[in-house]
Amino acid sequence: MPTYSYIAADPDKGCPACRKGFDLRRPISRPALEVCPLCKQPVKKLVSAFNTPKLTKPLSVSDAKAAGFTILEKRCDGNYEKL
């Protein structure tokens, strides 16, 4: 279930939670909130960044072994040999 961020549409109105902003887990099928669940003042949905994995360097054989992977190397006869 995704997490959505909301903040008060008018920062001068609303409760401390919606003035500062809050996160809410909701199914994708449900529409976005229009009012704060606590104070019933209008809120707007924020666009936030999403997390993507970043690899800074390719994994080496020793890194893969340390992570618990089995390393195989293909030989010229078509068979694989464990390193």
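A residue counts as partly exposed when its relative accessible area lies between the limit for buried, under 20%, and the limit for exposed, over 50%. Keep that in mind, as it will help with a small group of charged residues further on. The structure above is a predicted model, and the predictor gives the protein an average pLDDT of 86, with 98% of the residues scoring at least 70. Confidence is highest in strand S3, at a mean of 91, and lowest in helix H2 (residues 61–66), at 87.

Let us start with the sheet. Strands of a sheet pair through backbone hydrogen bonds, either parallel or antiparallel. Here the sheet is open and has 3 strands in the order S2-S1-S3, with antiparallel pairing. Because S2 and S3 stand at the edges, each with a single partner strand, one side of each has no neighbour in the sheet. From one strand to the next, the twist averages 40 degrees.

Strand S1 covers residues 3–8, and 4 bridges join S1 to S2, which covers residues 22–25. If you look along this pairing, you will find Tyr4 opposite Leu24 in S2. S1 also pairs with S3 (residues 43–46), again over 4 bridges. In that pairing, Ser5 has Leu46 of S3 as its bridge partner.

Next, which residues make up the largest nonpolar core? There are 8 of them: Tyr6, Ala8, Cys15, Cys18, Phe22, Leu33, Cys36 and Val43. Val43 is a good place to look around from. Leaving aside neighbours within four places in sequence, Val43 is in contact with core members including Tyr6, Ala8, Cys18, Phe22, Leu33 and Cys36. Val43 also touches Ile7, Ala9, Glu34 and Val35.

Finally, we come to the charged residues. Side chains of opposite charge can pair when their charged atoms come close. The structure holds 2 salt bridges. In one of them, the side chains of Arg75 and Glu73 meet at 2.8 Å, N to O. In another, Arg75 meets Glu81 at 3.0 Å, N to O. Glu73, Arg75 and Glu81 are thus linked in a network of salt bridges.

Are these residues buried or exposed? The limits from the opening give the answer. Arg75 has 31% relative accessibility, so Arg75 counts as partly exposed. Glu73 is partly exposed too, with a relative accessible area of 32%. Glu81 lies at 38% relative accessibility, and therefore also counts as partly exposed.

Terms used
Residues are numbered from 1 along each chain as its sequence is written. This is a predicted model: local features need pLDDT of at least 70, side-chain atom pairs count only at pLDDT 80 or more; totals for chains, interfaces and linings use all residues. Side-chain values use heavy atoms; hydrogens and water are left out. Two strands pair if DSSP finds at least two bridges between them. Helices (H or I, at least four residues) and strands (E, at least two) are DSSP runs, numbered from the N terminus. Axes are lines fitted to C-alpha atoms, for helices over the stretch in contact, and angles run from 0 to 180 degrees between N-to-C directions. A nonpolar core is a set of buried Ala, Val, Leu, Ile, Met, Phe, Trp, Tyr and Cys residues joined through side-chain atoms within 4.5 Å. Buried means under 20% relative accessible area, exposed over 50%, partly exposed in between (1.4 Å probe, protein chains only). Contact means heavy atoms within 4.5 Å. pLDDT is the predictor's confidence in each residue, from 0 to 100. A salt bridge is a side-chain nitrogen of Lys or Arg within 4 Å of a carboxyl oxygen of Asp or Glu.
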